[in-house]
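Please open the model in your viewer and keep the selection tool at hand, since this tour moves from one selection to the next.

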Amino acid sequence: MGDLPFLPYGRQSIDDDDIAAVTEALKADYLTTGPRVEAFEAAFAEAVGAPHAVACSNGTAALHLSMLALGVGEGDLAIAPSITFLATANCARYVGAEVVFADVDPLSGLMTPQTLAEALARAAIAFPGRPVRAVLPVHLRGEVCDLPGLADLAAGAGAVLVEDAPHALGSAMTFGNVTERVGDARHSAMATFSFHPVKTIATGEGGMITTRDAATAQRLRTLRSHGMVRPEAGDPWLYEMAEPGFNYRLPDILCALGLSQLKKLPAFASRRRALAARYAERLAGLPHMALAASPAWSDPVLHLLTVLIDFEAAGVSRRAVSERLAAKGVGSQVHYIPVHRQPYYRDRYGALDLPGAEAWYARCLSLPLYPAMADTDVDRVVEALEGALR
Ligand SMILES: *Cc1c(COP(=O)(O)O)cnc(C)c1O
């Protein structure tokens, strides 16, 4: 057992053709702001079924740009689920808006129309008269939120959706009779993605924003590069800045890697689906645990394989389980510590009572899931988990 390789909870798959694509980009004329940026954007837009995709330096920059493009600022409110990575909430603070945390369904970890309605009611009491401008559903683990339900409620409050979708590249959803892909942005103003190494495709650091609105895409491109605009009929050196933007560009070197990785998305997706199916089979019937729930409309490519474990009933702490797993060469992780509990937010907004988020956090544990895993690795993880809970 000791010489078996360690299985992290997630990792990238980089092959020789990815390396060759980067090498070629390194020999090209443009290391940044070159043709590979547009090529990656076009291929990504096509892959998710959106008319526009704007590449940027990481998923956090994508979220920040989305707030800037919507003009969210001081005096405004944004609603984020408490079960997510920090950046989903932080992006509102970058632009001076206040965050109202929504609770989540304790079995799926997702924001729902019910938890959004409750957050909207709480927002009106905590910040009377302030407009809710954006609602940021997170497709946690790759499971898709009830986008039509959330979009209706958001619209009723005068807000739009910004999907934080780094977990859900490749996921699909069926509402009514319509099947669509996450990132097509039919229900939202924008959807954001990350290419951090644990995400479905990797560029090291990298991000993307998709939208159906050409003006929004144009604005995102301007804000991504200092707010600079080159007037069409001006002097050849002329650029103008109407508002300060950022340097959130993704270099050609990384776009080359992204293009190469994107070609493998179908293969990555089917491998993740197969591994998830094997986990479901092997975990079925084990005591004190269940796979996190999948909504009926969601057809996920899972980014995280999360089990919900009743540690109390099992008579063992999560820490002990995670240490026992690690001793068997099996990585695990907790997604996530409720963001409303972070000292910064607790100091700012006081202690909140979000029972769904607390219940999720008390039970969740993510197990290894990435395309290079073998079927026997799943068996090894499940055996180690059974042993750790015994
Ligand atoms: C990874 C992630 C981000 C941030 O992406 P980075 O590229 O690491 O900046 C934001 N939100 C969620 C839900 C994520 O998983």
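Which residue follows α4, and what is the sign of its phi? Select G96, which comes after α4 and has a positive phi, near 90°; bear in mind throughout that this is a predicted model.

Now step back into helix α4 itself, residues 86–94, where A87, T88, A89, C91, A92 and R93 are buried. To see what covers these buried residues, display the surrounding elements, which include α3 (59–70), β2 (77–81), β3 (98–102), β5 (160–164) and α12 (343–349).

Next, select strand β1, residues 52–56, which is mostly covered, with 4 of its 5 residues buried. Add strand β9, residues 207–211, and you will find that β1 pairs with β9 in the antiparallel sense over 5 bridges; for one position to inspect, take A55, whose bridge partner in β9 is M208.

Finally, select helix α1 (residues 16–27) together with helix α8 (residues 252–262), whose axes come within 8 Å and cross at roughly 150°. Angles over 145 degrees count as roughly antiparallel, and α1 and α8 are therefore roughly antiparallel to each other, while the crossing in which α1 passes α8 is right-handed. To look at the contact, show the side chains of D17, D18, A21, V22, A25 and L26 in α1, which meet D252, I253, A256, L257, S260 and Q261 in α8. Coloured by residue class, the residues of this contact divide into 7 nonpolar, 2 polar and 3 charged.

Note on methods
Residues numbered from 1 in each chain as written. Predicted model: local features only at pLDDT ≥ 70, side-chain atom pairs only at ≥ 80, totals over all residues. Heavy atoms only, no water. Axes fitted to C-alpha atoms, helices over the stretch in contact; angles between N-to-C directions. Helix = DSSP H or I, 4+ residues; strand = E, 2+ residues; numbered from the N terminus. Parallel < 35°, antiparallel > 145°, perpendicular 65-115°, else oblique. Left-handed = near helix turned anticlockwise from the far one by under 90°. Contact = heavy atoms within 4.5 Å. Nonpolar A, V, L, I, M, F, W, Y, C, P; charged D, E, K, R; others polar. Buried < 20%, exposed > 50% of the residue type's maximum accessible area, 1.4 Å probe, protein only. Pairing = 2+ DSSP bridges.
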